[in-house]
Amino acid sequence: MIGAVRGLLLRGFELIERPFDRLFGPALNPTAQLGALGFFFFWIVAVSGVYLFIFFDTGIESAYESVEHITNAFWFHAGVMRSLHRYASDLMVVMVVVHLLREFAYDHYRGTRWFSWLTGLPIIWLLYTSGITGYWLVWDKLAYYVAITTSELLDYLPIFGEPIARNFISTGTLTSRFFTLMVFMHVAVPLFLLFIMWVHILRISRPKVNPPRMLAALSLIALVAVSMWKPALSQGHVDLAKAPVEIGLDWFYLPLYPLTYLWGKGAVWAFLAAFSIMVGLMPWLPPLRRAKPAAVDLAHCNGCARCTDDCPYEAIRMVRRSDGLPFPAEASVNPALCVSCGICVGACPSSTPFRRTQDLKTGIDLPEYSLAELRERTIAAAQALIGPARILVFACQHGGAAAYPGGVPLPCVAMAPPSLIDYVLSRKLADGVVVAGCAERACFNRLGIAWTEQRFARRRDPYLRTRVPRDRITTVWTSILEFSRFKQELGRFAAKVAALSPAKAISSPPPQVRQNAPDTAAHREPYPIEDRSVPP
Ligand code: HEM
Ligand code: SF4
Ligand code: SF4
């Protein structure tokens, strides 16, 4: 059931993201930058909030007038800031909702990722508390409606000795102490929110917390333009003698408020509790079957720290050497953080298939899918290739080539060290190599595509050696739903490679795998992790 919903959502995201990719390019695609945009909007809200605070009068008697003054007399600076504050806060809600759905759709919330997911939950609560207390401060009719409804909702819970809604019954009983509490909360809660946002990304290596400059500039220009065109306005001074009749709601922050009167307070609380419990339990519904974590073999580790640098999940630390070998440090894997992506295996300088030892060993390896097994599968898959251009496909199991029958399966493209490609081509095991991973905007292991490209471009260790003919290698980045696009790209590359070989083929059919190929190791499941991909 959850898998079906995820599949449906993934298709929805693909429908939006592919045109965005064409429009912005994968690097600027906003759907791939949601977390970073969330931070960016937060900073806009924070800076505009501090600016507004200079002009805001925190007393209940004069709060409304001070906001009116900001909006009318100082419209060209403080007024624009007010609108920026409002609209950037709204965009934070949009960002959180889309980000949550996207992480779910791409299955980025189970296994070791439970931590980012679970810390997202208090973010939602804190964001809403910040927004709701903000509406209160304007002290207009909407603020009054928010104040009454929030107090009634809170009164439903057995927390306060005396009903707080009584504060708003008439001007006489209203305490400005309560208003001051709201002002304090509107400053303190966002600060706490920022702290939780920091905790949220603690377990992620190189998190994207700043959007690309162009995207940031475009977002800011759009926000300023909307602020000038449709400034945020108040809705008339509070009259405590009258209940607010007609008010404009902010549907980003207040969608549950009308429901309080429609469903009743108990139902709203039940909904919020059910939502929180469901989101909180999701990483374990069903739990991800985790493969054994990467293991270090000290006899082959020289303490270079490349694996630590490349691990996307902060799962490896360099610690003091424990085996007496003359290196200052050794790699140490935290099994609780490792997702067995194999990226560290591809980074280690000892991961070279050219090693003559019978039993291929490396500094760090996956117990359930070792480098030795990867080499064995590569050879077996190459032996099964036929046709004018024998193209070997290294296929990430999260990308468009996952279902390709003759491919060498990988948990991430960056598990294959560049020397493995050198090995295939220099030993003439194949005429060309395709490294096929996820869509560029949505690398399942976050950094696998980036590291692969940098290694091939000789900008990141381990480099692809210069002797490797570049025209015989290509990369194809397609999502798990784009098998046909992968096959098209493969066909195009095969034709190009066929034209390179001495026996030139005029038109080349797509590369084939021998029909009666033996059940080689290449056709087995690489590692037993269930429920990884969405069924086509
Ligand atoms: C203000 C709100 C939020 C901000 C600013 C934010 C920001 C971020 C950032 C910057 C990342 C790292 C992205 C990367 O570099 O790959 C991230 C990852 C993540 N976020 Fe959020 N987030 C927010 C809310 C949420 C919420 C509400 C949830 C879900 C309940 C959530 C779930 C996740 C998950 C599961 C990841 C890990 C993705 C991975 O491991 O690939 N986030 N978030
Ligand atoms: S397998 Fe992946 S997650 Fe585990 S230590 Fe290596 S790079 Fe990090
Ligand atoms: S990359 Fe290999 S050699 Fe370098 S620290 Fe990691 S395990 Fe050791």
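These legends walk through several close-up views of a predicted model.

**Figure 1. The whole chain, before we zoom in.** Here is the setting for the close-ups that follow. The chain contains 16 helices and 10 strands. Of its 536 residues, 51% are buried. Contacts often reach across the sequence: among those between residues at least 6 apart, 76% join residues at least 24 apart.

**Figure 2. Two histidines hold the iron atom of ligand 1.** In this view, the NE2 atoms of His99 and His200 coordinate the iron at 2.0 to 2.1 Å. The two histidines come from distant parts of the chain, 101 residues apart: His99 belongs to helix α4 (residues 75-105), and His200 to helix α7 (residues 176-200). Both His99 and His200 are buried. What is the arrangement of the six donor atoms around the iron? It is octahedral, because the angles that the donors subtend run from 84 to 180 degrees. For comparison, the ideal angles for six octahedral donors are 90 or 180 degrees.

**Figure 3. The surroundings of ligand 1.** Stepping back from the iron, we find 23 residues around ligand 1. Those that come nearest are His99, Arg113, His200, Lys208 and Arg446. Three polar distances are worth finding in this view. A nitrogen atom of the ligand lies 2.8 Å from an N or O atom in the side chain of His99, the residue that also coordinates the iron through NE2. With Lys208, the partner is a polar backbone atom, 2.7 Å from an oxygen atom of ligand 1. With Arg446, a polar side-chain atom is 2.9 Å from an oxygen atom of the ligand.

**Figure 4. The shell around ligand 3.** Which residues are closest to ligand 3? They are Cys301, Cys304, Ala305, Cys307 and Cys348, out of 13 residues that surround this ligand. Sorted by class, the shell has nine nonpolar residues, three polar ones and one charged one.

**Figure 5. Thr362 and its contacts.** Thr362 sits in the loop between α12 (343-347) and β4 (364-365). Is Thr362 buried or exposed? With a relative accessible area of 2%, Thr362 is buried. Its side chain makes a polar contact of 2.7 Å with the side chain of Ser351. Beyond its neighbours within four places in sequence, Thr362 also touches Asp297, His300, Cys348, Ser350 and Leu371, along with Ser351. One of these, Cys348, is also among the residues closest to ligand 3.

**Figure 6. Arg203 and Glu314, two loop residues in contact.** Arg203 is found in the loop between α7 and α8 (213-229). Because its relative accessibility is 26%, Arg203 counts as partly exposed. Setting aside residues up to four places away in sequence, Arg203 touches Thr112, Trp114, Phe115, Tyr313, Glu314 and Leu337. The C-alpha atoms of Arg203 and Ala315 are 8.3 Å apart, although 112 residues separate the two in sequence. Glu314 lies in the loop between α11 (306-310) and β2 (316-320), and its relative accessible area of 41% makes it partly exposed. Its backbone deserves a look as well: Glu314 is not a glycine, yet its phi is positive, about 55 degrees.

**Figure 7. Ser340, another positive phi.** Most residues other than glycine have a negative phi. Ser340 has a positive value, near 60 degrees. This serine is in the loop between β3 (329-333) and α12. Ser340 is buried, with a relative accessible area of 6%.

**Figure 8. Two cis peptide bonds, each leading into a proline.** Most peptide bonds are trans. Where can cis bonds be seen in this view? One joins Leu285 and Pro286, with omega about -15 degrees. Pro286 is in the loop between α10 (265-281) and β1 (295-296). Another joins Asp461 and Pro462, with omega about -10 degrees. Pro462 is in the loop between α15 (448-456) and β9 (473-477).

**Figure 9. Trp43 on helix α2.** Trp43 is part of helix α2, which spans residues 34-55. At 41% relative accessibility, this tryptophan counts as partly exposed. His85 is 42 residues away from Trp43 along the chain, and 9.9 Å separates their C-alpha atoms.

Methods: Residues are numbered from 1 along each chain as its sequence is written. Chains are lettered from A and ligands numbered from 1 in the order in which they are written. This is a predicted model: local features need pLDDT of at least 70, side-chain atom pairs count only at pLDDT 80 or more; totals for chains, interfaces and linings use all residues. Side-chain values use heavy atoms; hydrogens and water are left out. A residue is near a molecule or strand if one of its heavy atoms lies within 4 Å of it. Ala, Val, Leu, Ile, Met, Phe, Trp, Tyr, Cys and Pro count as nonpolar, Asp, Glu, Lys and Arg as charged, and the others, Gly among them, as polar. Helices (H or I, at least four residues) and strands (E, at least two) are DSSP runs, numbered from the N terminus. Buried means under 20% relative accessible area, exposed over 50%, partly exposed in between (1.4 Å probe, protein chains only). A polar contact is a pair of N or O atoms within 3.5 Å; within protein, one must be able to donate a hydrogen and the other to accept it, and residues adjacent in sequence count only if both atoms are side-chain atoms. Contact means heavy atoms within 4.5 Å. Donors are N, O and S atoms within 2.8 Å of the metal (3.2 Å for Na, K and Ca); water is not among the atoms, so sites may look incomplete. Four donors count as tetrahedral if all angles lie between 85 and 135 degrees; four count as square planar and six as octahedral if opposite donors are over 155 degrees apart and all others between 65 and 115; anything else is irregular.
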